[in-house]
Amino acid sequence: MEFHPILWLYSLIQWVLDRLLSPTPPPPKATLGRPRIAVIGAGLTGVSSASHCVGHGFDVTIFEAGDENSLGGIWSRVNNTSGLQIHSIMYRFHPSVQWAAGYPDRQQIVSQITQLWKKYGLQERTKFNTPVKSTRQDKYGRWIINDNPSLGSFDGILAAVGTCGDPKMPHMPNQEAFKGEIFHSSKLDGKTAAGKKVLIIGGGASAVEALEFVVHTDAASTSVLARSDKWIIPRNAFVDGLLALNIFGQETIFSWIPEALLKRLFYRDLEDLAPNDEGLFTETPMVNSDIFHQIRDHKAEWLRGDIVRFTKKGILFRHRAKGVPKGGPGREAEVQGDMVIMATGYQRPSLSFLPNEVFQEPYQPPRWYLQVFPPEHMSVCCNNCTYVNAIGTVGNYHIGIYTRLLLMFLVDPLARPQEYWMKRWIDMTSFLKSRAPTGSFDFFTYSELLYWFVFCIAINPFRWKWALFVFLGIGSALPKNIVSGEDQIRNGLGMKKWHHG
């Protein structure tokens, strides 16, 4: 086997991170302590969060609506040709993950999730075919799932239902007249586009998924029918990392610099496809380097406009000039094709199982503390299921940080945020981002997220002892021992007693 020094170095780095930062898996059949956490969802985030909890000695139960084939969440449902568009160094959803490639495919990702699930003994702590429809607190403040005490009582809830649920498959005018094949972008396994003219309806991540399929199966031609222009950034870890360094999490007076560089160095002769009216830091960009290669090789085209209706041989499409808004005037022409792929995305999973009070304006998701903690219930963490748009990654170290913040709040009364101050943080962040073209919490970057974490720890001196634990998962025993000493002092002063187990 050929020796690759960069891949060898990457493997070494992963090995070191695993040894330093991975919590120790509990022994088989171990009895773990409180706080006990209900994890809702057995996708990437749910499995990662649960492994952090049990690795630090806290009991969990994972509730998953689907069967065991649903393990891995959205990654269990997409095509085998799908894979990471960002580099796997930005997709380290747990320290023990060991990637064998820079851009692993769907099967490798599901394999890593499954290995993590087994490594931390989560098989015995997972209830499949158990959709969560309601949560409530009993008179002791513990959470009851589905109004069924037999499922257990929990000190905290970690919702990990994600942002991608069932596929969206809208019906379009005259669709039944089309003589070719129509598929959703997530239902392409076993299909082939070899020698066919493929029409992709939609943009964003689903379009990327469809393009991967088209490239793998040698389509004759590809036409992407998009209602709007989207920023497309290269599949390059260095570039993607630089863009995520915008700590303001919004458009700034300097945003024109990366936008101009992308147009000059990446779009080049295809600059007309770059948005004019939307900045780079307003919406999640497409991460793809193949589409421009396909267009330059005349194997693909990107068409801006609106779908009028299906025809027997394709789609009647209203082509709009750059700058003309959706639904505006344009030239109508038939775009012929043999296969239509609906890159129309997914339904957003509901959080309606949470109590009604967490959805009251103006503090409704995503306007929550650190975007994931509803101010009314600091014992609830909605990890990776409230964000709207971002530059960064949903599958990285923040999963563990959010999980450990929840554990810190539950274990340490002095570190616990109060509803009043959680709302003030939301108000402050809204003020700081009041000039953002999007809502204050509708877009963020990864560096802004890290700033939130640092601020959360720094603002409260009683959280300082937890810093290494929260950021790196190191030293949970020390802060817990300090908390016990603090409890003895507080109890000796006649203050309210807190039970940890």
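Select Asn 129 in this predicted model: the residue is exposed, with a relative accessible area of 54%. Asn 129 sits in the loop between strand 3 (126–127) and strand 4 (135–137), and its phi is positive, about 55°, although the residue is not a glycine.

Next, select Asn 384, in the loop between strand 17 and strand 18 (389–391). This residue, also not a glycine, has a positive phi of about 65°. Its relative accessibility is 11%, under the 20% cut-off, and Asn 384 therefore counts as buried.

Proceed to the cis peptide bonds. One runs from Arg 34 to Pro 35, with omega near 10°; Pro 35 belongs to strand 1 (residues 33–40). Another joins Glu 361 and Pro 362, where omega is about 5°. Pro 362 is found in the loop between strand 16 (339–342) and strand 17 (380–382).

Now turn to the interior. The largest nonpolar core has 107 residues, and those with the most contacts inside it are Ile 200, Phe 373, Tyr 402 and Leu 405. Helix 8 (residues 398–411) supplies the largest share of this core, 10 residues. Select that helix: 14 of its 14 residues are buried. Its end C-alpha atoms are 20 Å apart, in agreement with the 20 Å that its 14 residues should span at 1.5 Å a residue.

Centre the view on Tyr 402. Leaving aside residues up to four places away in sequence, Tyr 402 touches Leu 370, Val 372, Phe 373, Cys 381, Asn 383, Leu 449, Trp 452 and Phe 453.

Finally, select Ile 40, Phe 154, Phe 353 and Val 358, which are among the 18 residues of another core, lying apart from the largest one.

Terms used. Residues are numbered from 1 along each chain as its sequence is written. This is a predicted model: local features need pLDDT of at least 70, side-chain atom pairs count only at pLDDT 80 or more; totals for chains, interfaces and linings use all residues. Side-chain values use heavy atoms; hydrogens and water are left out. A nonpolar core is a set of buried Ala, Val, Leu, Ile, Met, Phe, Trp, Tyr and Cys residues joined through side-chain atoms within 4.5 Å. Buried means under 20% relative accessible area, exposed over 50%, partly exposed in between (1.4 Å probe, protein chains only). Helices (H or I, at least four residues) and strands (E, at least two) are DSSP runs, numbered from the N terminus. Contact means heavy atoms within 4.5 Å. The expected span of a helix is 1.5 Å times one less than its number of residues.
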